Amino acid sequence: MEIVFDFTVFERFINLPTAEIVWRFFANFGWPFLAIAFLYGVRDLYLYRLRGKWSEGHKFILLAIDIPRGIEQTPKAVENMFTYFGGAHGSISFFEKWFLGLYQKSFSFEIVSIDGYTQFLIRTPAEWRNLVESSVYSQYPDAEIFEVEDYVNNVPKTVPDDEYDFWGVEFIQGAPEPYPIKCYQEFEHSIGPSEMQFKDPMASLMDLCGSLKEGEQLWFQIVVAPTDFSWIKNSEKEINKILERKTKVKEDFFDKGVKVLGDVSEMLYPLWGDVSDEKKEDKPKTMMDLSPGEKEKLEAITSKASKLGFEAKIRVIYMAKKDVMNKGKVVSGFVGFIKQFISLNLNNLKPEMKRTATKGAYFGIKQQVLRKKRRLLEAYTSRSDSIGPSPGVFNIEELATLWHFPVEGSVKSAMIQKAPGRKANAPSSLPVVENEEESEEFINMINSDEDATPENLEKELFEEEDEEKKEARKEITEEDNKKNSIDDSEFEKELEDSDDTDFFYQGRGSDSKSGPPPNLPTL
């Protein structure tokens with residue numbers, strides 16, 4: 001049987017004018033792509049407005065965290081905090097998402113330096129305040145937590161303007177999300193005293209924050225949203241890729257239909273009868289077949305997937321008055337801080353230059369930069385996890401590496417806001433009033449006595465308490481003496497009857513003397 005292909009239709013199409021070729025191609029094949037893009041845009045706009053309407057009734061608060069001086073906690077304590085934040089995760093049904101606008105609320109972990117003074121902050125939904133406080137106090141019992149006003153409201157919304165300008169960017173993962181960045185364990189070593197064995201990567205950032213002058217501000221933000229365990233599937237795919245394992249792909253309805261048509265056509269017209277069906281079996285790699293780099297990747301992916309993960313977006317903004325702005329120092333310093341977490345064989349953080357970096361290219365550069373700046377500032381002030389690139393997945397170990405309280409043994413910055421000192425319980429000797437009647441009598445006595453100053457009252461209370469303690473102690477002593485007293489004559493009689501008299505008086509002026517020890521050196 002002879003098969004003939006007719007290409008005259010394509011030859012006529014190619015010989016048409018260019019404009020007509022474009023129009024005919026779009027009319028016949030291009031419009032479905034445009035329609036799909038339009039529908040996606042309508043869907044996103046609908047979801048954005050629905051979520052905004054649902055968010056109107058929710059309140060967010062900003063909490064300042066002050067850690068007392070002298071606390072030698074490693075980032076492991078903050079890692080435990082992030083684990084506790086995982087309790088905020090909740091499942092959302094299809095109806096709740098697409099008809100009510102529900103979405104997973106997020107936290108924002110921030111480090112802010114204003115005029116050189118540095119503060120650690122956590123922005124949280126108001127209903128999760130107890131969750132945040134419990135997580136902090138569980139690891140730092142002497143910490144102080146205050147609700148503060150949002151610092152972003154102190155900057156004009158129209159920045160950049162005649163007085164202020166800023167630089168900013170979002171950081172994204174440079175490799176697939178199953179690969180981890182360099183974590184805090186890799187900053188530890190076994191040389192030197194124990195307090196110096198952890199080289200805190202936060203030291204460079206704290207030094208940079210402390211060097212800011214009046215009129216300069218540095219904002220560092222990590223928006224964190226709890227998520228489910230579905231991200232682990234990507235880790236499994238990456239492991240299978242390294243081991244060259246073939247995964248079974250589920251055939252959809254279209255694939256099954258194509259396969260049936262192929263089988264039917266092969267039955268009618270055996271076009272591929274001469275082709276051999278023999279296939280070479282490819283065996284997956286074993287651990288012995290892997291190179292050292294592949295083994296390291298496999299272990300790192302497995303280690304990251306073993307811990308709780310969050311979706312996260314990382315932003316930074318350097319805001320300053322134009323007359324004191326110093327991009328060369330602050331921008332380079334912050335990028336250097338981020339580069340500490342690069343693991344060239346695994347993953348790293350890099351600036352997202354196309355959509356969020358406040359710089360333009362080619363034509364209309366000023367308009368591009370202005371549009372990017374306004375969009376980035378809106379995303380930062382609203383703590384949005386949807387504006388800009390999609391969030392990446394970081395586990396609790398990575399998040400604790402990027403955001404943790406400085407270890408004082410490694411960080412010597414005097415401009416970090418800290419609690420004044422550790423708290424202790426009230427002394428046990430502090431006088432207390434046991435019931436309401438005594439409390440009322442005590443208050444009436446103070447009001448009627450002109451000499452009842454705080455100093456006199458305190459002196460009288462302690463004097464009364466001391467007299468009571470002395471009497472009680474005297475009674476106890478007398479009772480003990482009665483119980484433990486022994487007649488001297490009876491005691492001497494017992495000693496005379498005892499054969500161990502020399503033992504009791506040996507070396508205490510008795511005639512019985514012991515000789516020198518046999519190992520005493522002599523001249």
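How many of the nine residues of strand 3 are buried? Select strand 3, residues 117–125, and switch on a surface to see. Eight of its nine residues are buried, leaving the strand mostly covered. Keep in mind while you click around that this is a predicted model.

**Stop 1: the neighbours of strand 3**

Leave strand 3 selected and add strand 1, residues 60–66. The two pair in the antiparallel sense, with six bridges between them. For a spot to zoom in on, pick Leu-62, which stands opposite Arg-123 of strand 3.

Now add strand 2, residues 107–114. Strand 2 also pairs with strand 3 in the antiparallel sense, here over seven bridges. Two pairs are handy for checking the register: Val-112 has Gln-119 as its bridge partner in strand 3, and Ser-113 stands opposite Thr-118. Strand 2 has little open surface to show you: seven of its eight residues are buried, so the rest of the structure largely encloses it.

**Stop 2: the turn at Asp-115**

Follow strand 2 to where it hands over to strand 3. The two strands form a hairpin with two residues between them. Click on Asp-115, which is found in that loop. Its phi is positive, about 55°, although Asp-115 is not a glycine. Is Asp-115 buried, exposed or partly exposed? With a relative accessibility of 31%, Asp-115 counts as partly exposed, since that class runs between 20% and 50%.

**Stop 3: strand 6, covered on both faces**

Next, select strand 6, residues 216–226. Eleven bridges join strand 6 to strand 7 (residues 309–321), and the two run antiparallel. On that side, try Val-224, whose bridge partner in strand 7 is Ala-312. Strand 6 is also joined to strand 2, again antiparallel, by eight bridges. Phe-107 has Val-224 as its bridge partner in strand 6, while Val-112 is partnered there with Trp-219. Val-112 is worth labelling, as its partner on the strand 3 side is Gln-119.

Why does strand 6 count as largely enclosed? Eleven of its eleven residues are buried, so the rest of the structure largely surrounds the strand. Colour the two faces separately and you'll find both covered. One side has Glu-216, Leu-218, Phe-220, Ile-222, Val-224 and Pro-226. The other has Gln-217, Trp-219, Gln-221, Val-223 and Ala-225.

**Stop 4: the largest pocket**

Turn on your pocket display. The largest pocket holds about 1400 Å³ of space and is lined by 37 residues. To centre the view, select Arg-51, Tyr-103, Gln-104, Asp-385 and Ser-386, the lining residues that lie nearest the middle of the pocket.

Which elements each supply at least two residues of the lining? They are helix 2 (18–55), helix 4 (94–100), strand 6 and helix 11 (365–381). Helix 2 gives the most, with seven residues. If you colour the lining by class, expect eleven nonpolar, 13 polar and 13 charged residues.

**Stop 5: Arg-383**

From helix 11, step along the chain into the loop that leads to strand 9 (392–395), where you'll find Arg-383. Here is another residue other than glycine with a positive phi, this one near 50°. Arg-383 is buried, its relative accessible area being 4%, and the cut-off for that label is under 20%.

**Stop 6: helix 10 and its two sides**

Last, select helix 10, residues 327–339. A quick geometry check: 13 residues at 1.5 Å each should span 18 Å, and the end C-alpha atoms lie 17 Å apart, which agrees. Then show Val-330, Val-331, Phe-334, Phe-337 and Ile-338, which are buried. Look down the axis and the buried residues fall within an arc of 125°, so they line one face of the helix. The face turned away from that buried side carries Gly-328 and Lys-339, both exposed.

One more click in this helix: Gly-333. Gly-333 is partly exposed, at a relative accessible area of 29%. Draw a C-alpha to C-alpha distance from Gly-333 to Ser-204 and you should read 7.9 Å, for two residues 129 apart in sequence.

Note on methods: Residues numbered from 1 in each chain as written. Predicted model: local features only at pLDDT ≥ 70, side-chain atom pairs only at ≥ 80, totals over all residues. Heavy atoms only, no water. 1 Å grid on protein atoms, 1.4 Å probe; cavity = no way out; pocket = protein on both sides within 12 Å on 5 of 7 lines; lining within 4 Å. Points joined across faces, edges and corners; volume = space filled by probe spheres on them. Helix = DSSP H or I, 4+ residues; strand = E, 2+ residues; numbered from the N terminus. Nonpolar A, V, L, I, M, F, W, Y, C, P; charged D, E, K, R; others polar. Buried < 20%, exposed > 50% of the residue type's maximum accessible area, 1.4 Å probe, protein only. Pairing = 2+ DSSP bridges. Expected span 1.5 Å × (residues − 1). Arc of directions from axis to C-beta.
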